[in-house]
Amino acid sequence: MSKVVVVESPAKAKTINKYLGSDYQVLASYGHIRDLPPKDGSVDTEHDFAMIWQSDPRSEKQIKAIAQAMKGADQLILATDPDREGEAISWHVRNVLEERKALKGVDVKRVAFNAITKDAVLEAMANPRELDQDLIDAYLARRALDYLVGFTLSPVLWRKLPGAKSAGRVQSVALRLISEREAEIERFRAEEYWTVETSFRTHERKSFTARLTHLDGKKLDRFDLSNEADANAAVEAIEAGDFTIGSVEKKRVRRNPQPPFTTSTLQQEASRKLGFSATHTMQIAQRLYEGVEFNGETVGLITYMRTDGVQLAGEAISQIRRTIGAKYGDQYLPNTPRASSSRAKNAQEAHEAIRPTDVARTPEALKGRIDPDQWKLYALVWKRTVASQMASAELDQTTIDVVDAKGRSTLRATGTVIAFDGFLTLYQEDRDDAPSDDQNDRLLPPVAQNEAVTRQEVIPEQHFTQPPPRYGEASLVKKMEELGIGRPSTYASIMQVLQDRTYVRLDRRRFVPEDRGRLVVTFLGSFFERYVQYNFTADLEEQLDKISAGELDWRQVLRDFWTAFRSAVDGTKDLSISQVIETLDAELADHFFPTGPDGQPERTCPNCAGGSLSLRLGKFGAFIGCSNYPDCRFTRQLEDAAGGKATDVEGEGGALPRSLGTDPETGLDVSLRKGPYGIYVQLGEPVEGEKQKPKRASLTRQMNPAEIDLRTALALLALPRTVGQHPETGEPIDAGVGRFGPYLRYAGVYVNLPNDDTVLTIGLNHAVEIIAEKAAKKKPALSLGDHPGDGKPVTLHAGRYGPYVQHGALRATLPKGDADGSPTLERAVEILTAKAAKGGGTKTAPKKATGAKKPAARKPAAKKTGTKKTVTKKIGAKKVAARKVPADVVGAAGTGD
């Protein structure tokens, strides 16, 4: 009797299959095999939140494969990921197989492992357990909540705010964070302030710089020197003084290492240090976790990458400490192992931190043996993990006060010197929006109290306060984690959904809310305030965690939520669109209209000068219009409502063509251009006398021309690219852009990419899913028998234009009289023979005979036309070498989505 093991992905299945013996058959479910259908009634609130589940055609293929494998099997082992989502996938697989009577007499067990290594997998197999119902209940509650919010709130948006797309339980709160930060920036008014710095020289002729901190016995606040006159008065006071060292304070401080990575901190550091998006980071991490092949072995390189725990297993700590002692010396090894705990709100800490599965496998040992992006992320994980167990760094901080003998002014110099680098020898965490004028990291000369110093140059400097920075991916993830919004596995998808729905855009790696997003979040804040409050969302996450722990009943949580939420939705039934527009117009006035001299929004119509501008609603959504309509027909689209950037490419990035930069490989200019068939990127310029045109690549429909930068352009020019090798056949899967849009190519077959995918970032797992779904929809060929002439098969196919028969490369469409049924072999041979007699079959380009005269073009009787020529392009001597797609644009081959 055999045992069937079910995992999520084919890559994971391929790795685990090598660890288990011939008694095991490992199959992939390709993620969730069923979900709530996207229609009303999938969650029945009238019958205690009963749920209707539905599988799609792609999942049906996997379900049938698993059910087929269960015939003759005596055990089903569910080995999906060790988290709430993995438990849910296992639950769905078991339930579907039970419904199809495929588990009669079969023992069903659940195993979970934190790392895909042979030891970890075999240990998990030796210690199976039952499915965790508490985790399943938490999944059911989360899925029902997301469904109820989306399918109840989104129709309200569509009715009351035309042009809005949808609202989500967590994404709306993230959108609020981005929009409120933008509102802070818009309200910000810069304030002037001055600082005064002076350079001094010691008697040993060593120089240092100090900043004025006290003047005329008063400690200076930031804005005490508010203008140039104040600064000049301070300069005169300093220039009139004689200075000595008033005090010297030295102290040694210890800086401890950061704990190992969680999902959110990995996304943050990968963004800061490597420039990776959260989605790209998780794709690479997924591949490192599921297994990378080298030296003929497939092994997982890191532990499970969706976690908010920072603790490490005891055996891992022991190995790390041995590595530190051997590689860096005993002085870098603390006396006792470090124990970390998470400071994040609602941290579950159910799993280990992200760490290498084997610390002895150093980044240097893997250099050049795995994908470059995979290597970068692995090196980041390795260094952070090892550094987390290293000795603290010791720093000597020095503060020197320089005083005027007359007591009028005091200046202060600060500096920090690393006495012992400790963990800093290996790793230092980056910071978001670090100040550029930090004076602490500098070396100060040795001085003694009461020592006289010589004043040198006095430099007053003007400053202006800066607005708060927009959120980048790293800082937004950090903020959501601090507030307890979302979970590690959701951060990347939340940010991607906001961009896909054009609620926000990324500009220089910072999130900028679009007007559509501002309208949606303002609407929700005005009429559904409770449901976009940070505390409410975090408290709901805490309740879900309590369900996971078995402390709350999941249906009771849904009952409490639904009662209040339904009441809030019902309260908007009598809300008119005009009331909504008036509210939004008032709330977003500072955004839509420039500030006038009186500090109030300037609403005067620039066209008629007598009307007042306000937010209005038209057939295609909101816009700015004049109150004197129809006499005054002035309108302005929201994207340019405040006189800012327009949405079209001409206004956003300047007139086309526009240079994007220089290709580092060829030295040629890369430009964005507009042609008769749309926007495209081009490498170089046409060379006089050469027929070969510059290389070009069209933008996909999902791309915003205004956001195309050099890296994206180079990635487009490098297409097609290899996504990876199919885990079952080993054949390559390519992604590219053709006449009909983005596509995948596998085994000579082209598959169109769905609209929500991008050809530059799709990973292997998702590509395999799309190919499998396409194959599931395609009807298999029907064999009619062997051809009597050569013995090769004759087959019947379903084509785009009706059924056809095929023999080798020869194809023939069935005549109308035969199209309704299945022809006999004799009839098929007869049809094929007739087609061959007419010159049918697979055609190849005819070779041009030397000296052959080209036949004249056929001319209409009363109309003269020119001869249409077919031009063969000659490839010039100058060729552009095949380029490597930039790593921070293209999804790593072999990654999941």
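Trainee: A polar contact is a pair of N or O atoms within 3.5 Å, and within protein one must be able to donate a hydrogen and the other to accept it. Which backbone oxygen lies 3.1 Å from a polar atom of the Arg-721 side chain?

Mentor: That of Val-759. This is a predicted model, so the distance is computed from predicted coordinates. The backbone oxygen of Leu-760 also has a polar atom of the Arg-721 side chain 3.5 Å away.

Trainee: Is Arg-721 buried or exposed?

Mentor: Buried, because its relative accessibility is 6% and the cut-off for buried is under 20%. Arg-721 sits in strand S25, residues 721–725.

Trainee: What joins Leu-719 and Pro-720, just before that strand?

Mentor: A cis peptide bond, with omega about 0°. Pro-720 belongs to the loop between helix H21 (710–717) and S25. Another cis bond links Tyr-629 to Pro-630, with omega about 10°. Pro-630 is in the loop between strands S19 (621–626) and S20 (635–636).

Trainee: And backbone phi? What is the value at Asn-450?

Mentor: Near 70°, which is positive, and Asn-450 is not a glycine. Most residues other than glycine have a negative phi. Arg-508 also has a positive phi, about 55°.

Trainee: Where do Asn-450 and Arg-508 sit?

Mentor: In loops. Asn-450 lies between strands S14 (409–420) and S15 (452–464), and Arg-508 between strands S16 (504–507) and S17 (510–513). Asn-450 counts as exposed because its relative accessibility is 60%, and Arg-508 counts as exposed at 71%.

Trainee: Switching topic. How many cavities of 30 Å³ or more are there?

Mentor: Two. The largest holds about 80 Å³ of space. Its lining has nine nonpolar, two polar and one charged residues, including Arg-169, Ser-172, Tyr-531 and Phe-561. Helices H5 (133–160) and H17 (554–570) are the elements that give two or more residues to that lining.

Trainee: What does H17 pack against?

Mentor: Its buried residues pack against strand S4 (50–51), H5 and helix H16 (534–548). Among those buried residues are Trp-554, Trp-562 and Phe-565.

Trainee: How far apart are the end C-alpha atoms of H17?

Mentor: 24 Å, which agrees with the span expected for 17 residues at 1.5 Å a residue.

Trainee: And the whole chain? How many helices and strands?

Mentor: 23 helices and 32 strands. Of the 897 residues, 47% count as buried. Among contacts with a separation of 6 or more, 67% join residues 24 or more positions apart.

Key
Residues are numbered from 1 along each chain as its sequence is written. Side-chain values use heavy atoms; hydrogens and water are left out. On a 1 Å grid over the protein atoms alone, a cavity is a set of points where a 1.4 Å probe fits but cannot get out, and a pocket is an open set with protein on both sides within 12 Å along at least five of seven lines; lining residues have an atom within 4 Å of a point. Grid points are joined across faces, edges and corners, and a volume is the space filled by probe spheres set on the points. Helices (H or I, at least four residues) and strands (E, at least two) are DSSP runs, numbered from the N terminus. Ala, Val, Leu, Ile, Met, Phe, Trp, Tyr, Cys and Pro count as nonpolar, Asp, Glu, Lys and Arg as charged, and the others, Gly among them, as polar. The expected span of a helix is 1.5 Å times one less than its number of residues. Buried means under 20% relative accessible area, exposed over 50%, partly exposed in between (1.4 Å probe, protein chains only). Contact means heavy atoms within 4.5 Å.
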